[in-house]
Amino acid sequence: MPTREELFAAYALPDRERIRVRMNFVESADGAVTLGGRSGALGGATDRTLMQVLRAMADVVVVGAGTVRAEGYGGVGAADADLGWRREHGLADQPALAIVSGALRLEAADDVFAKAVRRPVVVTTDASARVRGALLAPVADVVPCGEAGPARPEAPLDAPAASGGGVGTVDLPAMLEQFASRGWTQVLCEGGPHLFGALLEAGVVDEVCVTIAPRFVGGEAGRIVQGAREADRRFALAGVVTDDEGFAFLRYAAV
Ligand SMILES: NC(=O)c1ccc[n+]([C@@H]2O[C@H](COP(=O)([O-])OP(=O)(O)OC[C@H]3O[C@@H](n4cnc5c(N)ncnc54)[C@H](OP(=O)(O)O)[C@@H]3O)[C@@H](O)[C@H]2O)c1
């Protein structure tokens with residue numbers, strides 16, 4: 001099995017100066033992004049360690065609201081085992097957590113806030129920030145990033161009126177600039193598929209880390225990219241790690 005140290009070496013960042021967006025996903029060998037509705041059932045021991053290692057290297061972990069709702073995100077942070085590494089590298093003990101939501105259908109009592117190890121940031125549209133931002137202000141920094149654009153196809157038709165119809169698209173390059181202004185240049189995005197699709201469309205993805213689980217699950221689960229137009233977006237294979245359980249850990253870099 002690759003050790004934690006070997007994973008740190010295999011996924012080392014060339015620098016921390018320029019803004020870098022790194023995606024991390026797990027999928028089955030037949031491309032399913034979930035098993036039983038969750039991604040965790042696809043992973044293995046090395047995958048879990050890799051997730052911690054990638055979090056340890058990040059200034060901010062970004063996740064879409066759909067993933068927060070589906071996976072019950074709460075208490076996201078660096079593992080105790082990696083605190084030493086972060087301190088040696090001059091980083092805060094915990095990476096920040098940013099949640100991207102157009103409609104802002106999040107509650108202050110949600111685990112993602114209640115169990116937060118560091119005050120989260122919620123990135124939303126200007127319209128949603130105006131209408132619902134104050135509800136989350138006690139538990140998070142609400143950061144407006146762009147006006148609501150055309151409704152996204154995946155936006156539920158029954159989005160609450162209180163959202164002000166704010167189901168448009170966050171300006172993702174503006175979000176990255178906001179992060180950089182806080183000193184957060186190394187961005188780890190843990191999904192989900194619609195946020196990945198939007199980041200690809202915005203042309204801001206630098207690296208994609210994909211764990212391929214040795215399982216063929218069939219079913220109706222989607223792919224790791226949703227909502228993006230078909231296009232030939234080329235990445236270079238920048239690394240391959242395998243483990244004794246048959247998992248392959250692929251690292252792709254934008255060219
Ligand atoms: N295998 C894996 O590694 C992995 C990783 C993550 C998630 N997943 C799975 O993926 C599924 C969730 O998929 P998903 O595509 O719904 O997840 P998602 O991308 O996290 O969530 C989509 C939601 O995020 C917000 N969002 C995303 N991009 C946005 C943008 N550009 N502007 C404004 N808001 C944006 C919107 O929230 P609002 O509706 O609040 O506006 C949107 O409805 C779950 O089953 C989860 O388990 C798997």
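Reader: Let's start with helix α8. Which of its residues are buried?

Author: A residue is called buried if 20 or more other C-beta atoms lie within 10 Å of its own. This is a predicted model, and in it the buried residues of α8 are Pro 193, His 194, Leu 195, Phe 196, Gly 197, Ala 198, Leu 199 and Leu 200. That makes eight of the nine residues of α8, so the helix is largely enclosed by the rest of the structure.

Reader: And what covers those buried residues of α8?

Author: Look for the elements in contact with them. The cover includes strands β1, β2, β3 and β6, along with helices α3 and α7. You can see α8 lying across β1, β2, β3 and β6, and it runs at about 135° to β6. Just after the helix, look for Gly 203, whose phi is positive, near 70°.

Reader: Now the sheet. In what order do its strands stand?

Author: The general idea is that strands of a sheet pair through backbone hydrogen bonds, either parallel or antiparallel. Here, nine strands form an open sheet with mixed pairing, in the order β5-β4-β3-β2-β6-β1-β7-β9-β8. At the edges are β5 (141–144) and β8 (235–242), each with a single partner strand, so one side of each has no neighbour in the sheet. From one strand to the next, the twist averages 25°.

Reader: How many bridges link β8 and β9?

Author: Seven, and the two strands pair in the antiparallel sense. To find your place there, look for Val 240, which stands opposite Leu 250 in β9. Helix α6 (residues 126–136) also packs on the sheet, where it touches β4 and β5. The direction of α6 makes about 175° with that of β5.

Reader: What surrounds the ligand?

Author: To read a binding site, start with the shell of residues around it. This shell holds 32 residues, and the closest are Ser 39, Gly 64, Gly 66, Gly 191 and Gly 192. Sorted by class, 13 are nonpolar, 13 polar and six charged.

Reader: Which element gives the most to that shell?

Author: Helix α3, with five residues. Our buried helix turns up again too: α8 (193–201), β1 (20–28) and α3 (65–71) each supply at least two residues.

Reader: Last one: what does the radius of gyration say about the overall fold?

Author: You compare it with the value for a compact globule. With 255 residues, such a globule would be near 18 Å, and the protein chain has 18 Å, so the two agree. Of the 255 residues, 42% count as buried. The chain has eight helices and nine strands.

Notes:
Residues are numbered from 1 along each chain as its sequence is written. This is a predicted model: local features need pLDDT of at least 70, side-chain atom pairs count only at pLDDT 80 or more; totals for chains, interfaces and linings use all residues. A residue is near a molecule or strand if its C-beta atom, placed from the backbone, lies within 6 Å of it. Helices (H or I, at least four residues) and strands (E, at least two) are DSSP runs, numbered from the N terminus. Ala, Val, Leu, Ile, Met, Phe, Trp, Tyr, Cys and Pro count as nonpolar, Asp, Glu, Lys and Arg as charged, and the others, Gly among them, as polar. A residue is buried if 20 or more other C-beta atoms lie within 10 Å of its own, exposed if 12 or fewer, and partly exposed in between; C-beta atoms are placed from the backbone. Two residues are in contact if their C-beta atoms, placed from the backbone, lie within 7 Å. The radius of gyration is taken over C-alpha atoms; the globule rule is 2.2 Å times the number of residues to the power 0.38. Two strands pair if DSSP finds at least two bridges between them. Axes are lines fitted to C-alpha atoms, for helices over the stretch in contact, and angles run from 0 to 180 degrees between N-to-C directions.
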